[in-house]
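Me: I would like to go through the side-chain contacts of this chain. Please keep each answer short and end it on the value or name asked for.

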Amino acid sequence: MLITTAISFFVFYLVIAGTLSGVYLVGSILVFSSSILYTTQSISQFVENSSMLYDTLLFMQKYFSFISLHKTYHDGSMNFKKDFSCLSFSNVSFKYPNNETNALTNITFSVDNGEKIAIVGENGSGKTTLMKLLCRFYKPLDGQIKLDNISIENFLLKDYRKNIGAVFQDYSKFDLTLRENIAISNLKDITNDDKLKSVLAQAEFEQRDNLDTLLGIHFEGGKDLSGGQWQKLAIARAFFGNFEIVILDEPTASIAPRSEYEIYKSFLQLTKNKTVFFVTHRLSMVENADKVLVLRDGHIIGFDTHEILMQNNSYYNELYTMQASQFIDE
């Protein structure tokens with residue numbers, strides 16, 4: 001742009017000088033000025049459009065790469081086994097593409113149907129990856145995940161996921177009514193106002209008078225919610241579904257500790273006969289679990305009751321004690 005501006009001033013100077021010396025007519029100034037202005041605008045527009053074209057080509061490259069992907073998962077032929085006795089991970093390892101180290105290595109443990117399992121560990125220990133493997137979002141690099149002695153890959157994917165409810169940190173915000181935002185997990189009960197309001201209360205969601213309130217900001221009349229309210233709504237959605245296995249992956253990060261405690265307490269009551277996994281950094285919650293799975297750098301370093309781990313697992317004891325002392329200080 002600096003070069004274009006300099007050239008424009010130079011040409012304009014020549015035109016004025018030529019006009020003053022009688023070489024050009026006075027009207028030439030107007031003609032040349034208009035031409036220079038048009039040329040400058042055209043060059044600027046060309047540069048801007050070239051930049052937009054480059055960005056578009058980058059997007060199209062990703063789009064064509066996406067649509068060229070082939071089906072990489074194996075869809076089984078069996079319906080989900082609702083009356084399973086045991087869910088097990090057997091020597092499961094997983095590594096993300098282009099990573100040199102495993103996210104999980106030789107994960108082996110089993111839980112009985114109906115048990116409540118807390119999963120703890122520092123950031124990057126593999127907690128969320130473990131749960132996404134259970135949801136069949138990823139396929140293990142090695143090992144198997146089984147219901148009784150049947151690999152989960154032998155179940156129909158649609159039927160398998162229909163029986164698993166999960167609330168992750170990156171929960172979805174739907175531009176739908178309050179009613180639809182909850183009932184999307186169990187559309188058969190979408191007109192059951194009593195049940196809808198009950199799960200909202202269990203999730204500590206305050207604004208539950210009008211279930212047909214439009215949420216989101218993309219439609220006229222839509223009402224946006226705070227981060228904490230959206231989180232509670234996502235949890236209510238999990239309450240509302242009729243799932244056999246339920247996963248909470250730290251969905252309460254923006255919720256006050258007191259509300260979080262009440263939500264977990266209600267959640268465990270509502271899922272009394274269900275198998276539950278809940279990932280949490282707040283170790284005060286683990287006392288409500290039947291067992292605690294402790295992960296560190298992608299390895300299991302402890303799996304037992306809270307009391308036994310406090311006695312026999314120094315790493316877990318250190319994590320729990322350190323966090324408890326922070327609450328005491330506060």
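Me: Is D212 buried, partly exposed or exposed, and what is its relative accessibility?
Reply: This is a predicted model. Buried means under 20% relative accessible area and exposed over 50%. D212 therefore counts as partly exposed, at a relative accessibility of 48%.

Me: With which residue does D212 form a salt bridge?
Reply: The closest N and O atoms of the pair are 3.1 Å apart. D212 lies in the loop between α6 (193-202) and α7 (227-240) and its partner in helix α5 (residues 178-183), so the pair ties together parts that are 33 residues apart in sequence. The partner counts as buried, at 13% relative accessibility. The residue that forms the salt bridge with D212 is R179.

Me: Which residue meets K274 in a salt bridge?
Reply: The N to O distance in this bridge is 3.5 Å. K274 is in the loop between α8 (257-270) and β8 (275-279), and the partner is in the loop between α7 and β7 (245-249), 30 residues apart. At 14% relative accessibility the partner counts as buried. The partner of K274 is E244.

Me: How are the rings of F80 and F84 arranged, stacked or edge-to-face?
Reply: A pair of aromatic rings is described by the distance of the centres and the angle of the planes. For F80 and F84, the centres are 6.3 Å apart and the planes are at 85 degrees. Planes over 60 degrees apart count as edge-to-face. The pair is therefore edge-to-face.

Me: Why does the pair of F94 and Y138 count as stacked, and what is the angle of the planes?
Reply: The ring centres of F94 and Y138 are 5.1 Å apart. F94 is in strand β1 (residues 86-94) and Y138 in the loop between α3 (127-134) and β4 (142-147), 44 residues apart. F94 is buried at 6% relative accessible area, whereas Y138 is partly exposed at 29%. Planes under 30 degrees apart count as stacked, and here the angle is 10 degrees.

Me: Over the ring of which residue does the charged end of R136 sit?
Reply: The charged end of R136 is 5.6 Å from the ring centre. Ring pairs link the residue that carries this ring into a cluster with F80, F84 and F155. The residue is Y160.

Me: What is the area of the nonpolar surface patch that includes F59?
Reply: F59 is found in helix α2 (residues 27-67) and is exposed, with a relative accessible area of 54%. The patch is made by F59, Y63, F64, F66 and I67. Its area is about 570 Å².

Note on methods
Residues numbered from 1 in each chain as written. Predicted model: local features only at pLDDT ≥ 70, side-chain atom pairs only at ≥ 80, totals over all residues. Heavy atoms only, no water. Patch = residues over 30% accessible without salt bridge, like charges linked within 9 Å, V, L, I, M, F, W, Y side chains within 5 Å. Areas by Shrake-Rupley, 256 points an atom, 1.4 Å probe, with all protein chains shown as cover. Salt bridge = Lys/Arg side-chain N within 4 Å of Asp/Glu carboxyl O. Helix = DSSP H or I, 4+ residues; strand = E, 2+ residues; numbered from the N terminus. Buried < 20%, exposed > 50% of the residue type's maximum accessible area, 1.4 Å probe, protein only. Phe/Tyr/Trp six-rings, centres within 6.5 Å; stacked < 30°, edge-to-face > 60°. Lys NZ or Arg CZ within 6 Å of the ring centre and 35° of its normal.
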